[in-house]
Amino acid sequence: MRVLLVEDHAELADTVATGLRREGIAVDVALDGHDALTRLALTDYDVLVLDRDLPGVHGDQICRSLVAEGRNGRILMLTAAGSIEDRVDGLSLGADDYLPKPFAFAELVARVRALARRSGVQLPPVLVHGNLRVDSANRLASRDGQRLSLSPKELAVLEYLLGAHGRVVSAEELLEHVWDENADPFTTTVKVTIKRLRTKLGEPPLIDTVPRGGYRI
């Protein structure tokens, strides 16, 4: 999935973004409302993690705008105001979920993943292809019953390919959905990750390379 985190406290934004990336989630960061709107105009995010009290453009206005445009991405609103009235206000604006600060990071990850499952094509929590099994909820992959030691990014690529159901996925599409804006499109990042993933998946090979097309399982 790809997430936009909008949080005006730079240190908190960096901490949360780093933690989400360690979970294999591609994250872009905006520190104010204007920057958030610019990024949202350029990229279709699966989930928007939105601080309510933002400089420039208030989080409420961003939420209203996205709902009015009929965007498919889900909105998780964050705020230091945690009363029942505040939660009702946030949800009435069109937010899909609401999490008061301070929050437990594990809960944030769980809520982001739950929203991402609702934002696009619905996938089962466990993906199975022959003797390959990927448990997305628990971040586990196995083949022939043997657990695979995959990095978060390798697991994210594997999930995306399995979710494509045999469709050819280009390197550009993988960069768009599995990596964030810091990924250099002119590097061999995708190719190197696929190579490592193939090695870890073992024999017989599961990932096909389609010339001038991309990859598929």
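Okay, let's start with a definition: when I say contact, I mean heavy atoms within 4.5 Å. One more on vocabulary: helices (H or I, at least four residues) and strands (E, at least two) are DSSP runs, numbered from the N terminus.

Now, what we have here is a predicted model, where local features need pLDDT of at least 70, side-chain atom pairs count only at pLDDT 80 or more, and totals for chains, interfaces and linings use all residues. Residues are numbered from 1 along each chain as its sequence is written, and side-chain values use heavy atoms, with hydrogens and water left out.

Let's begin with the parallel sheet. It's an open one, five strands in the order 2-1-3-4-5. At the edges sit strand 2 (26-30) and strand 5 (97-100), each pairing on one side only. Pairing, by the way, needs at least two bridges found by DSSP between two strands. Strand 4, residues 74-79, is joined to strand 5 by four bridges, and there you'll find Thr 79 opposite Pro 100.

Helix 2, residues 33-42, lies across strand 1 (2-6), strand 2 and strand 3 (47-51), and runs at about 140° to strand 2. For angles like that, axes are lines fitted to C-alpha atoms, for helices over the stretch in contact, and angles run from 0 to 180 degrees between N-to-C directions.

Moving along the chain, there are two hairpins. Strand 6 (126-129) and strand 7 run antiparallel, with four bridges, and His 129 faces Leu 132. Two residues lie between those strands, and Gly 130 takes a positive phi near 60°. Strand 7 then pairs with strand 8 (140-143), antiparallel again, over four bridges. This hairpin has four residues between its strands, and Arg 139 in the turn has a positive phi of about 60°.

So which helix gives the most to the largest nonpolar core? That's helix 6, with six residues. The core itself has 26 residues, with Val 157 and Leu 174 among those with the most contacts inside it. A nonpolar core here is a set of buried Ala, Val, Leu, Ile, Met, Phe, Trp, Tyr and Cys residues joined through side-chain atoms within 4.5 Å, and buried means under 20% relative accessible area with a 1.4 Å probe, protein chains only.

Last bit: helix 6 and helix 7 pack at about 120°, axes 11 Å apart. The two are therefore oblique to each other, oblique being whatever is left after under 35 degrees (roughly parallel), over 145 (roughly antiparallel) and 65 to 115 (roughly perpendicular). On the helix 6 side, the contact includes Lys 153 and Tyr 160.

Methods:
Buried means under 20% relative accessible area, exposed over 50%, partly exposed in between (1.4 Å probe, protein chains only).
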